[in-house]
Amino acid sequence: MVYTLLAEGFEEVEALTPVDLLRRAGQQVKLVGVTGGTVRGARGIAVVADITMDELDADAADMLILPGGMPGTTNLYADARVTAAVRQCYDAGKYIGAICAAPSVILGGMGLLRGKKAVCYPGMEDGMTGALPQKAACVVDGTIITACGVGGALDFACALVSVLCGEQKAREIAHSVVYHVGE
């Protein structure tokens with residue numbers, strides 16, 4: 001099970017692009033409403049969640065996805081249920097995908113990036129405490145997958161598909177949406 005956590009002010013492209021590609025790859029993905037059953041993104045787009053944060057089963061998670069956007073990222077980080085789920089998944093060696101501000105604010109704020117290669121929204125690198133900041137659209141370091149922002153959303157989504165379904169499936173999905181990674 002993949003859970004994408006949504007709080008008021010999330011960045012729509014960063015949240016929904018991975019959901020779309022992962023579902024195309026056959027993964028079960030649930031949108032989790034942290035701040036309610038319907039969550040409004042940073043651009044005012046309302047998204048109906050599949051479940052609420054209280055229904056999230058971290059034991060069943062294969063991956064958590066933390067979209068960026070403001071104030072969505074800070075709203076996620078302020079919720080103790082979110083940080084508890086992130087910590088539980090991290091400690092269990094499950095995948096955590098974070099994009100834009102989320103690597104800095106959430107993963108960096110929790111101290112989960114120490115010694116790891118990571119990327120975030122440009123200018124927020126100081127929040128990635130102990131990380132080895134990279135200049136890339138997306139970086140995979142063990143079970144942590146980070147990306148730069150909206151411009152890296154397809155790279156991020158393809159990396160998430162790759163770690164869960166394999167590189168061949170990621171290439172198939174990229175091709176099916178006419179996204180030519182590395183071509």
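Two strands pair if DSSP finds at least two bridges between them. That criterion underlies the strand pairings on this tour, which is made through a predicted model.

**The whole chain**

Begin with all C-alpha atoms displayed. Along the principal axes they fill a box of roughly 40 × 35 × 35 Å. The radius of gyration is 15 Å, which agrees with the value near 16 Å expected for a compact globule of 183 residues. Switch to a cartoon representation, and six helices and eleven strands can be traced. Buried residues account for 50% of the 183 residues. Of the contacts with a separation of 6 or more, 64% link residues 24 or more positions apart.

**The hairpin of strands 10 and 11**

Select residues 138–141 and 144–147, which are strand 10 and strand 11. These two strands run antiparallel and are joined by four bridges. They form a hairpin with two residues between them, and Gly142 in the turn has a positive phi of about 65°. Within the pairing, Cys138 stands opposite Ala147 of strand 11.

Keep strand 11 selected and show its side chains. Ile144 and Thr146 lie on one side, Ile145 and Ala147 on the other, and all four are buried, so both faces of the strand are covered.

Now add residues 95–99, strand 7. Strand 7 runs parallel to strand 11, again with four bridges. Ile96 has Ile144 as its bridge partner in strand 11.

**Tyr90, beside this pair**

Select Tyr90, located in helix 3. Which residues does Tyr90 contact, leaving aside its neighbours within four places in sequence? They are Ile96, Leu112, Lys116 and Ile144. The list thus includes Ile96 and Ile144, the two bridge partners visited above. Tyr90 counts as partly exposed because its relative accessibility is 25%, which falls between the limits of 20% and 50%. For a distance across the model, pick the C-alpha atoms of Tyr90 and Val39: they are 25 Å apart, with their positions 51 residues apart along the chain.

**Two nonpolar cores**

Next, colour the largest nonpolar core, a set of 33 residues. The residues with the most contacts inside this core are Tyr3, Leu5, Leu56, Leu66, Val86 and Leu107. Strand 1 (2–6), strand 6 (63–66), helix 3, strand 7 and helix 4 (102–108) each give two or more residues to it. Apart from this core lies another, of 29 residues, among them Val19, Cys138, Ile145 and Ile173. Two of these are already familiar from the hairpin: Cys138 stands opposite Ala147, and Ile145 is one of the buried residues of strand 11.

Return to the larger core and centre on Leu5. Not counting residues up to four places away in sequence, Leu5 touches Val32, Val34, Met53, Leu56, Ile65, Leu66, Pro67, Leu76 and Val82.

**The loops on either side of helix 2**

Select Met70 and Pro71. The peptide bond joining them is cis, with omega of about 5°. Pro71 belongs to the loop between strand 6 and helix 2. Past helix 2 (72–77), move to Asp79, in the loop that leads to helix 3 (80–91). Is Asp79 buried or exposed? Asp79 counts as buried because its relative accessibility is 14%, under the limit of 20%. Its side chain makes a polar contact of 2.8 Å with that of Arg81.

**Cysteines and unusual backbone angles**

Select every cysteine sulfur. How many disulfides does a search of the whole structure find? It finds zero. For Cys100, the nearest cysteine sulfur is that of Cys148, 8.1 Å away. The sulfur of Cys165 is 11 Å from the closest one, in Cys158, and is therefore too far for a bond. At 10% relative accessibility Cys100 is buried, whereas Cys165, at 27%, is partly exposed.

Most residues other than glycine have a negative phi, and most peptide bonds are trans. Remain on Cys100, in the loop between strand 7 and helix 4: its phi is positive, about 70°, although it is not a glycine.

Finish at Val178, in the segment after helix 6 (167–176). Val178 is another residue other than glycine with a positive phi, near 60°. With a relative accessible area of 61%, Val178 is exposed.

Key:
Residues numbered from 1 in each chain as written. Predicted model: local features only at pLDDT ≥ 70, side-chain atom pairs only at ≥ 80, totals over all residues. Heavy atoms only, no water. Disulfide = S-S within 2.5 Å. Buried < 20%, exposed > 50% of the residue type's maximum accessible area, 1.4 Å probe, protein only. Polar contact = N/O pair within 3.5 Å; in protein donor to acceptor, adjacent residues only side chain to side chain. Contact = heavy atoms within 4.5 Å. Core = buried A, V, L, I, M, F, W, Y, C linked by side-chain atoms within 4.5 Å. Rg over C-alpha atoms; globule rule 2.2 N^0.38 Å.
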